[in-house]
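Here is a quick tour of one protein chain, for anyone who likes to have the coordinates open while reading. We'll look at a pocket, then at some charged pairs, then at a couple of single residues.

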Amino acid sequence: FTLGTKLEHNDYTGFEIQPNLRLLWTPNGQHSLWTSISRAVRTPSRAEDSGRIVSGAIPAGTPQNPGPLPILVSIHGNSDFESEELLAYELGYRVHPTDALTFDAAVYFHDYDNIRSIESLPTTLEPSPLAPSYISAPQWLGNEMEGESFGLELAADWVALEWWRVKAAYTYAEEDDLVEFFAPRHQFSLRSLQDLPRNVSLDLWLRYTDEIADYDVDHYLVLDARVAWQVRTGLELALVAQNLFDRQHPEFRPEFAVVPSEVPRSIYAKVTWRF
């Protein structure tokens, strides 16, 4: 039985307590059963606290705005914005049917509260002596949303040969009542780790990630490769290639007021010296 907590202070919401409770039962050397309950928070960013972003302008005399003045839509931060909260409940099981094979299974239920929402404020007329007048349609950030998500994770670890190890994993995620679901529904991973002659190792990692429809992120298939040479004890040279199937792709959409980016194909060399 393990009980712990993370204590953190920030300038926006003060002290945050994130406790974690875990229980592990191993009736014998082949079987393990565990469960956990934990709390986590996402503290506000500076933009969520005091930012202002002009999100759009609607010209006058259009179907969206038939009036004589343009409408300026803006999103404002909220100094009373609270941390988003998560209560996570997890249950897992591990079995070793043989010395070379391990299976893991886990299910989880996530309860979210104080999720970020956008609330409309009353419109106002903004006269200007130097520029045309316009209608201001402000919005501000609140914590009026909540929701739930649940899913499962499966994993296998197989020592196929003395010099070859294979790892596979699958994750399924589902949501309930969340307006924006920020996780892919399906994820699959397959890794091959080989110890070749002359102190050379070859690692291949194939990953598939389902689309994130609410964030307009397409599904993608990625292959990473790593070749390493153990020159002598404590000295290793490695060449790593990532994202071999695609020149670049997005993997997520960032938080409020952050410009999105894409993960590019990359190749790099690495020297590790342990002493």
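What volume does the second largest pocket have? It comes to about 290 Å³. Keep in mind throughout that this is a predicted model.

## The second largest pocket

Twenty is the number to remember for the wall here: 20 residues line the second largest pocket, and the closest to its centre are L154, A155, A169, Y170 and T171. As for where the lining comes from, β7, β9 (134–161), β10, β11 and β12 (200–209) each give two or more residues. Strand β9 supplies the largest share, with five residues.

And the chemistry of that wall? By class, the lining splits into ten nonpolar, five polar and five charged residues.

## Salt bridges across the strands

How many salt bridges does the model have? The count is eleven. Let's pick out a few.

Start with R39 and E16, whose side chains meet at 3.9 Å, N to O. That sits just inside the 4 Å cut-off for a salt bridge. The two residues are 23 apart in sequence, with R39 in strand β3 (residues 31–42) and E16 in strand β2 (residues 14–25), so this pair links distant parts of the chain. E16 counts as buried because its relative accessible area is 8%, and the limit for that label is under 20%.

Next come D104 and R94, at 2.8 Å from N to O. D104 belongs to strand β7 (residues 101–120) and R94 to strand β6 (residues 84–98), so their salt bridge ties together parts ten residues apart in sequence. Both ends are partly exposed: D104 has a relative accessible area of 23%, and R94 comes in at 36%.

Then there's E174 with R185, where the closest N and O atoms are 2.8 Å apart. E174 is in strand β10 (residues 164–176) while R185 is in the loop between β10 and β11 (186–196), so parts eleven residues apart in sequence are tied together. Here the two ends get separate labels: E174 is buried at 17% relative accessible area, whereas R185 is partly exposed at 30%.

Finally, there's a group to look at: R42, E48, E84 and R116 are linked in a network of salt bridges.

## S83, a loop residue

Is S83 buried or exposed? It's found in the loop between β5 (71–76) and β6, and it counts as buried because its relative accessible area is 4%.

The S83 side chain makes a polar contact with the side chain of E16 at 2.7 Å, and another with the side chain of T13 at 3.3 Å. So E16, which pairs with R39 in a salt bridge, turns up again here as a polar partner of S83 and is itself buried at 8%. Leaving out residues up to four places away in sequence, S83 touches T13, E16, V41, R42, T43, P44 and N114. One of these, R42, also belongs to the salt-bridge network with E48, E84 and R116.

## D195, out at the surface

D195 is found in strand β11. With 51% relative accessibility, it counts as exposed, because that label needs over 50%.

Which residues does D195 contact, beyond its neighbours within four places in sequence? They are W163, V200 and S201. There's also a C-alpha to C-alpha distance to note: D195 and Q230 are 11 Å apart in space and 35 residues apart in sequence.

Note on methods: Residues numbered from 1 in each chain as written. Predicted model: local features only at pLDDT ≥ 70, side-chain atom pairs only at ≥ 80, totals over all residues. Heavy atoms only, no water. Buried < 20%, exposed > 50% of the residue type's maximum accessible area, 1.4 Å probe, protein only. 1 Å grid on protein atoms, 1.4 Å probe; cavity = no way out; pocket = protein on both sides within 12 Å on 5 of 7 lines; lining within 4 Å. Points joined across faces, edges and corners; volume = space filled by probe spheres on them. Nonpolar A, V, L, I, M, F, W, Y, C, P; charged D, E, K, R; others polar. Polar contact = N/O pair within 3.5 Å; in protein donor to acceptor, adjacent residues only side chain to side chain. Contact = heavy atoms within 4.5 Å.
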